[in-house]
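Visitor: I'd like a close look at just one part of this model. Could you pick a spot, walk me through how its side chains sit, and then put it in context?

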Amino acid sequence: MNWRTVIYVVLLVSLTVAKALPRTSRDVEGKTSIGQRFSQLHENNFKAIALVMFAQYVPGGTFGRAARMAEQVTALARSCAAAARDSLECLKPLDRIFFDTICQEKNLPRIADCCAKEDSERNDCFLSLKNFSQGFIPVLERPDAEAACRNYSQNQQPLTAYFTYEVSKKHPFLPAPAILSVALRYEEMMKRCCGGVEGPSQHLEECFRTQAPKVVKPVREDALRQEHTCGILKKFGERTLKALKLTQISQKFPKADFVTVHKLVMDVADMHKDCCRGDMLDCMQDREDILQYVCSNQHILSSKIQQCCEQPLLQRSECIVHVENDDKPADLSPHIREFIEDKGICERFAQEKDTHLARFLYEYSRRHPEFSAQMLLRIGKGYEDLLQECCRPRAPSGCRSRGEEELRKHIYETESVMRTSCDIYNEKGDYYFQNELLMSFTKKMPQLTSAELIRFTKEMTTIGSKCCQLGPDKLLRCAEENLDLVLGEICRRHLADPINPGVCRCCSSSYAFRRPCIGKLEVDESYVPLALTPGLFAFHGDLCTMKEEKLQHRKQEMLITLLKYKPQISPEQLGSITAAFSAMRERCCGEANPEACFLKEGPELIKRSEKMLSA
C-alpha cells in the first residue's frame, strides 16, 4: 500500500470521510453496511483509518497486529462492497466488526473482560482502556540521521505506517485526520532530509534537528488542548465547559444572535463529550457537522471565516479556531446596564436562572474581545452572586448598583497582575524571570520535582515572551488563556499524584478562579523541609566548563534545592547566598585545580550559609 497516497487522499477528501464513519446508533439500526462504508471511503482511506483505530483501541498491542487487523477488516469490507447481496457478516455494524476483530486476536493484554461483554457495554469497556497521551513520540526521539534515512529508503511505506501507528498509540484521543496530518508532515520531513533520487541531503543532523519540531509540536499542542478541555469537563462538569465555550464563541462571532450561539455551544459541548469519552468515530462526525453548519451560515456568524471554509476539511477546523474575532456590530451599545437596572431581573433570574446568566455572559463576552475567557467566567460568577444576594426578600435598596463598582475593581486587579508580571519580565529577561517564578512556585509546591518545576516555569516564561510584547487589547487574553493551559497541566499532575492541600483546593474549587487562587498561595506549611546531608549541595569542577545554558539549568536546580531546604528564606538571605556562590565559582574557576578548590570552599560556603539562615 502506498501510505503517502493514503494520507494525501484522507486529508483531501472533504466531507465524505467523516460522514462515512459509523455512529453506533445509526449502525445498530442497520442503515449503513461495511461495504457501503468501503465504497464511500475507498480502500486506502478505509485501511488508514482502520490502522489508527486499532492502534488507539488496543493500547498494549503491536504495530504488526494492528496492521494485520487493518488488512483483515479491509479485506472483509472489499468483499462486501463487491458482493451482489450483503451477507450477515456484511450487515454487522462497523464498530461491532472492529471489536470482533480485536477479540479474535489471542493474548492481547487487558481485553478479555471487554470481549466478554456485548455491544454497547463492550464499546464502553474498550473506551475505558484508553489513556491520555503517554509522552513523546519515540520515532522522533534523538534519531540517528543516517540510520533513519537508510531505513526510509528501504522501507518507505511501512515506516510511515509505523509512525502513524505510534502517534495513534501515544495519542488515543486524537481524531484520525489530525493523526494522518502528522504522518504527512513526517513523510515530508523524511523526504526533505533524506532526499529522493538525488540522495540524502547534506547536514542530515541539522535537517532533522530543525524539521522534527515542525512534525511533533502540532500534535503535542493538539493533545495538550484536548487533555485540557477534557480535564475541565471531568473535574468541573458540563455546565462549566458550556460556559467556557459560550464566552469563546460569543467573542469569535459577536454578530451572531444568542439562539445561534447557544446552538453552537450545545453542539461543541456534545462534541467534546464524545471526544473526551474516546469515541473517535462520533467525535469526528460531531466536528464535521459543526464545521458544515458554521460554513453554511457564514452570513450570520462571521465575515472572517470565508477563507477557512474554502480549505480542505482538516485545515478548515484549525483555521476557524485561530482566525481573528469578527468585528463587533456597529450598533452594539458599550454597556449592558439592563442586566442590573431592569425591574424584572430578579423574576427572570428566579424563573430561568441558567438561561438568564447565559444571556448576560453572551452579551458581556461579545462586547469584550480583549478579556480572557477565564476572566469573563469570573465576571459571570460575580453577576450570579450579586443577583443571589440582591434578589433575596428584604435586600437593601440599591444593592445591585454596587455590581459595577465590584466589576471595575476585579478588572483593575486582574490587569494589574498581568502588567506587573510583564514589567518584571521586560526588566529581567527570560532567565531571571524564570528564577523569580521558580522561587514562587517552589515555595507553593515544594513536592514537585526539580524537573517539573523547571518545565512548568519555563512554559510560563515562554508565555511572557509571547504576550508581554502585545498591546493592552491583546495582553490579558493572551497571558491568562495560555497560563490556564500550564495550570491545567499542574492540576492534572496533582490528580495523578497529589501535591499539597493548597493546590488541591485551587484545582478543585473553581475553574474560573483557579489562576487567582494559585497566585495567592504562599509557603506550603505542610511541607517537611529537606534535611542538610553531605550530598545535598555539591560543587565540582564542571561548574567551570559547562556551557552557559547548562550552567543556568544547574544553578536553577541548586536554587530549588535551597528553597526546599529553607522554604522561609528571605530575599535578602537568598541574595547573600547567591552572591557568595558566584564569588566562590569565580575564585575556584581561576585556580589551576578547580575541583580541589570546590572541595575546600564548598563546605565553607555551606557552613557560613547555614549560620546565616539559623540566625
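Guide: Sure. One term before we zoom in: the domain bounds I'll use come from an automatic or database domain assignment. Also keep in mind that this is a predicted model. That assignment gives domain 1 (34–133), domain 2 (145–229), domain 3 (230–322), domain 4 (337–415), domain 5 (417–520) and domain 6 (541–614). For a sense of scale, the centres of domain 2 and domain 6, taken over C-alpha atoms, are separated by 42 Å.

The spot I'd pick is where helices α13 and α21 meet. Two packed helices are described by the angle between their axes and the distance between the axes. Here the axes of α13 and α21 come within 8 Å and cross at roughly 35°. The crossing of α13 past α21 is right-handed. On the α13 side, the residues taking part are Arg239, Ala243, Leu246, Thr247, Ser250 and Gln251. They meet Lys353, Asp354, Leu357, Ala358, Leu361, Tyr362, Ser365 and Arg366 in α21.

Now look at one charged pair in that patch. Arginine 239 makes a salt bridge with aspartate 354, with 3.0 Å between the closest N and O atoms. Arginine 239 sits in helix α13 (residues 204–252) and aspartate 354 in helix α21 (residues 353–367), so this pair ties together parts that are 115 residues apart in sequence. How buried or exposed are the two partners? Arginine 239 has a relative accessible area of 48%, so it counts as partly exposed. Aspartate 354 is partly exposed too, at 45%.

How many salt bridges turn up elsewhere? A search of the whole structure finds 40. One of them joins glutamate 105 to arginine 68, where the closest N and O atoms are 2.9 Å apart. That pair also links distant parts of the chain: glutamate 105 is in the loop between α7 (94–104) and α8 (112–115), while arginine 68 is in helix α6 (residues 63–82), 37 residues apart. With the buried cut-off at under 20%, glutamate 105 is buried because its relative accessibility is 14%. Arginine 68, at 44%, is partly exposed.

Another salt bridge brings the side chains of arginine 554 and aspartate 542 together, 3.2 Å from N to O. Arginine 554 belongs to helix α28 (residues 548–565), and aspartate 542 to the loop between α27 (514–520) and α28, twelve residues away. Both ends are partly exposed: arginine 554 at 24% and aspartate 542 at 31%. Salt bridges can chain up as well, and shared partners join Glu89, Lys92, Asp100 and Arg122 into one network.

For a contrast with the charged pairs, try isoleucine 499, in the loop between α25 (472–496) and α26 (501–509). Isoleucine 499 is buried, with a relative accessible area of 6%. Setting aside neighbours within four places in sequence, isoleucine 499 is in contact with Met445, Gln447, Leu448, Ile490, Arg493 and His494.

One last stop comes from a record. An unreviewed UniProt entry lists Asp289 under "binding site". In this model aspartate 289 is in helix α15 (residues 280–296), and it is partly exposed at 35% relative accessible area.

Technical notes. Residues are numbered from 1 along each chain as its sequence is written. This is a predicted model: local features need pLDDT of at least 70, side-chain atom pairs count only at pLDDT 80 or more; totals for chains, interfaces and linings use all residues. Side-chain values use heavy atoms; hydrogens and water are left out. A salt bridge is a side-chain nitrogen of Lys or Arg within 4 Å of a carboxyl oxygen of Asp or Glu. Helices (H or I, at least four residues) and strands (E, at least two) are DSSP runs, numbered from the N terminus. Buried means under 20% relative accessible area, exposed over 50%, partly exposed in between (1.4 Å probe, protein chains only). Contact means heavy atoms within 4.5 Å. UniProt positions are given in the numbering used here, feature names are shortened, and annotations may be inferred rather than shown by experiment. Axes are lines fitted to C-alpha atoms, for helices over the stretch in contact, and angles run from 0 to 180 degrees between N-to-C directions. A crossing is left-handed if the near helix is turned anticlockwise from the far one by less than a right angle, and right-handed if clockwise.
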